[in-house]
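Subject: Structure for you to look at

Hello,

Here is the structure I said I would pass on. Please open it beside this message and follow along.

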2 protein chains.
Amino acid sequence: MASEFPSPLLDRLSFLLGKLYFRGLDAETDELSALNLGVKQHAALGVLTREDPMTQQELGHRMGIDRTTIVAVVDDLDEQGLVERRRSPADRRAYLLTVTPSGRDAEERGRHRVAEAEDRLLGALDEPDRTRLRELLVRALGGG
Amino acid sequence: MASEFPSPLLDRLSFLLGKLYFRGLDAETDELSALNLGVKQHAALGVLTREDPMTQQELGHRMGIDRTTIVAVVDDLDEQGLVERRRSPADRRAYLLTVTPSGRDAEERGRHRVAEAEDRLLGALDEPDRTRLRELLVRALGGG
DNA sequence: TATTGTTATACTCTATAACTATA
DNA sequence: TATAGTTATAGAGTATAACAATA
């Protein structure tokens, strides 16, 4: 119940957002660990599945992650054969990342698991309210 | 605009929550730095203002923070004269924390600044939608 | 000179282990 | 023995600086 939290904190938007965020992150981490995927790894697969080929820096930029941080994420996916690094013909410094068939498979299975985790996270809300919450978050982000 | 984010990430609840959370945290940090207050320090003042006296462990428990982490927070508030540590007569191992008058003052000034930061964070939403968002977050947290 | 990917390094945040003084 | 507060330490996460290859 919400009453477990002190009311001065419940008034604080960042407290509410943070609590739900970390709770959701933990749930997703658990779900995806069964597929040997980190949350960042799966998110990267999701971006690449829709928008590959793409360089590492583009991927990092899309995800709001530094280029030095994306290296380990792509290393992971590469080692598992979920993405391929190919040298860009146009710029041989850069890699072009593409998702492999098994990468697409892993992305989809992970997506279903993440959806389950989110359903549990929002278990207290009915379907219209879940949609409303998502919509409000997207709108809040878009305007800031 | 929301379109700056890849749609696979916008589908992801933890991405939305995290983006807004960290954006809000940065804004609060900026606002409170003018008062020489960290976000955790101000949140602690808020809890103590309503519920002191309280031991450090109780404070940490209320905030979801480890007892080893709360030490530095209280050190900070203590050094600035915003809270007082007094030995509990009932258990001389424990401190009883109380907010000083200047601590109450700092809490209130910080609260107004945090409210301004939150208003800017939700600038894209009208007043009813801001209330709706808070209410949905509280309900989501309460049921999980 | 500037940029991509990479590595080494530093910094922040938080938790675990071990200490002290009490209980 | 157990617990409140404290400190030292280690771990995760991320960013800055510097390097090699390429532009």
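Which atom of DNA strand D lies 2.9 Å from a polar side-chain atom of B:Gln57? It is a phosphate oxygen. Please keep in mind that this is a predicted model.

DNA strand D

B:Gln57 is also one of the closest residues to DNA strand D, along with A:Arg92, B:Gln56, B:Arg67 and B:Arg93. In total, 18 residues surround this strand. By class, nine of the residues on that surface are charged, six are polar and three are nonpolar. H5 of chain A, and H4 and H5 of chain B, each provide at least two residues of the surface near DNA strand D.

Two other side chains have an N or O atom placed by a phosphate oxygen of this strand. For A:Lys40 the distance is 3.0 Å, and for B:Arg85 it is 3.2 Å. If you take the atoms of DNA strand D within 4 Å of the protein, 59% are sugar or phosphate atoms, and the rest belong to bases.

DNA strand C

There are 18 residues around DNA strand C, and those that come nearest are A:Gln56, A:Gln57, A:Arg67, A:Arg93 and B:Arg92. Of the atoms of this strand that come within 4 Å of the protein, 58% are from sugar and phosphate. One contact to a base is worth finding on screen: a polar side-chain atom of A:Arg93 is 2.5 Å from a base oxygen of DNA strand C. Phosphate oxygens of the strand are also approached from chain B. The side chain of B:Lys40 has an N or O atom 3.1 Å from one, and a polar side-chain atom of B:Thr69 is 3.4 Å from a phosphate oxygen.

The surface near DNA strand C is made of nine charged, six polar and three nonpolar residues. Helices H4 (56–63) and H5 (67–79) of chain A, and helix H5 (67–79) of chain B, each give at least two residues to it.

The two protein chains

Chain A and chain B meet through 53 residues of chain A and 52 residues of chain B. Between them about 5,000 Å² is buried, with 67% of that area coming from carbon and sulfur atoms. B:Arg12, B:Leu13 and B:Leu141 supply 15% of the area that chain B buries against chain A, more than any other three residues.

In soluble globular proteins, nonpolar side chains tend to be buried together. Here the largest nonpolar core has 80 residues, and A:Leu59 and B:Leu59 have the most contacts inside it. Apart from neighbours within four places in sequence, A:Leu59 touches A:Ala44, A:Val47, A:Leu48, A:Met54, A:Ile70, A:Val74 and A:Leu97.

Backbone details

The peptide bond from A:Asp52 to A:Pro53 is cis, with omega near 0°. A:Pro53 sits in the loop between helix H3 (39–51) and H4 of chain A. In chain B, the bond from B:Asp52 to B:Pro53 is cis as well, and B:Pro53 is in the loop between H3 and H4 of that chain.

Lastly, look at A:Asn36, in the loop between helix H2 (13–33) and H3 of chain A. A:Asn36 is not a glycine, yet its phi is positive, near 55°. Is A:Asn36 buried or exposed? A:Asn36 counts as exposed because its relative accessibility is 57%, and the cut-off for exposed is over 50%. B:Asn36 also has phi near 55° and is exposed, with a relative accessible area of 57%.

Regards

Note on methods
Residues are numbered from 1 along each chain as its sequence is written. Chains are lettered from A and ligands numbered from 1 in the order in which they are written. This is a predicted model: local features need pLDDT of at least 70, side-chain atom pairs count only at pLDDT 80 or more; totals for chains, interfaces and linings use all residues. Side-chain values use heavy atoms; hydrogens and water are left out. A nonpolar core is a set of buried Ala, Val, Leu, Ile, Met, Phe, Trp, Tyr and Cys residues joined through side-chain atoms within 4.5 Å. Buried means under 20% relative accessible area, exposed over 50%, partly exposed in between (1.4 Å probe, protein chains only). Contact means heavy atoms within 4.5 Å. A residue is near a molecule or strand if one of its heavy atoms lies within 4 Å of it. A polar contact is a pair of N or O atoms within 3.5 Å; within protein, one must be able to donate a hydrogen and the other to accept it, and residues adjacent in sequence count only if both atoms are side-chain atoms. Helices (H or I, at least four residues) and strands (E, at least two) are DSSP runs, numbered from the N terminus. Ala, Val, Leu, Ile, Met, Phe, Trp, Tyr, Cys and Pro count as nonpolar, Asp, Glu, Lys and Arg as charged, and the others, Gly among them, as polar. Buried area is the accessible area (1.4 Å probe) that two parts lose on being put together, summed over both.
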